[in-house]
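Below are some notes made while going through the model. Please read them with the coordinates open.

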Amino acid sequence: MILKRLFRRSTSSERSCYEAIVAAARHPVFYADWGVADTLDGRFDMISLHAFLVLDRLKGEQQAFRQGLVDELFADMDRSLREMGVGDLSVGKKVRKMAEVFYGRVAAYDLALGGAEGALEAAIARNVFPDGPEEEAGPRRLSAHVMEQRAHLALQDTAAIAGGVIHFKEPSP
């Protein structure tokens, strides 16, 4: 089983899309310039935010792919916790807590996008910067980035995204 995973030749479209999400979420500008905490929680928040963008883009479409993408996210979280040495008995509890946090973030961002001006910035400030931003403009910059990414993703073909081909825009410094 382990060898099969190590030597598999192709990756699923969900995995390819998830890898692009992780790469976008790890952009150094978020952590070095915008004040996102370079911690496990900060990185999880950025992965959650970028995963939300893809799920939002595919809302009402590609339901199986959307679910597969979320499954891939939590399979990766499970693997990561195990690699960090979290005991088998507590991995399930931690992943369950991460799922609650993720779905809470998705609901908050979805609500904020349909809400008043400034609602997204407030949701980002509350979720990504819970102790207050180190960089005062961090929530504003990240909110603007989310809106730019939404517009950028809207131009991409749904079938291509579901095929694992997705491109994220570089954050504007």
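The points below take up one helix, the loop before it, a threonine and two pockets.

1. This is a predicted model, and the remarks here should be read as remarks on a prediction.

2. Helix α5 covers residues 63–83, which makes 21 residues. From first C-alpha to last, α5 reaches 30 Å, close to the 30 Å expected at 1.5 Å a residue. Its buried residues are F65, R66, G68, L69, V70, E72, L73, F74, D76, M77 and L81. The list takes in charged side chains, including R66, E72 and D76. After α5 comes G85, with a positive phi near 95°.

3. Q62 sits in the loop between α4 and α5. Its phi is also worth checking: the value is near 50°, positive in a residue other than glycine. Is Q62 buried or exposed? Neither label applies, because its relative accessibility is 35%, and buried requires under 20% whereas exposed requires over 50%. Q62 therefore counts as partly exposed.

4. T158 belongs to helix α9, residues 158–162. With a relative accessible area of 14%, T158 is buried, since the cut-off for that label is under 20%. Leaving aside residues up to four places away in sequence, T158 touches R57, L58, E61 and Q62. With R57 there is also a polar contact between side chains, at 2.9 Å. The residue discussed in point 3, Q62, is thus one of the contacts of T158.

5. The largest pocket holds about 410 Å³ of space. Its lining consists of 22 residues, and those nearest the centre are T39, L40, D41, G42 and D45. Two or more lining residues come from each of α4 (40–57), α6 (88–113) and α7 (119–128). By class, the lining of the largest pocket has 10 nonpolar, five polar and seven charged residues.

6. For the second largest pocket the volume is about 250 Å³. It is lined by 15 residues, with R26, I47, D76, M77 and S80 closest to its centre. The elements giving two or more residues to this lining are α2 (13–25), α4 and α5. Nine of the lining residues are nonpolar, one is polar and five are charged.

7. Two links between these points may help when viewing the model. D76 and M77 are buried in α5 and are also among the residues closest to the centre of the second largest pocket. Helix α4 gives two or more residues to the lining of the largest pocket and likewise to that of the second largest.

How values were computed:
Residues numbered from 1 in each chain as written. Predicted model: local features only at pLDDT ≥ 70, side-chain atom pairs only at ≥ 80, totals over all residues. Heavy atoms only, no water. Helix = DSSP H or I, 4+ residues; strand = E, 2+ residues; numbered from the N terminus. Buried < 20%, exposed > 50% of the residue type's maximum accessible area, 1.4 Å probe, protein only. Polar contact = N/O pair within 3.5 Å; in protein donor to acceptor, adjacent residues only side chain to side chain. Contact = heavy atoms within 4.5 Å. Expected span 1.5 Å × (residues − 1). 1 Å grid on protein atoms, 1.4 Å probe; cavity = no way out; pocket = protein on both sides within 12 Å on 5 of 7 lines; lining within 4 Å. Points joined across faces, edges and corners; volume = space filled by probe spheres on them.
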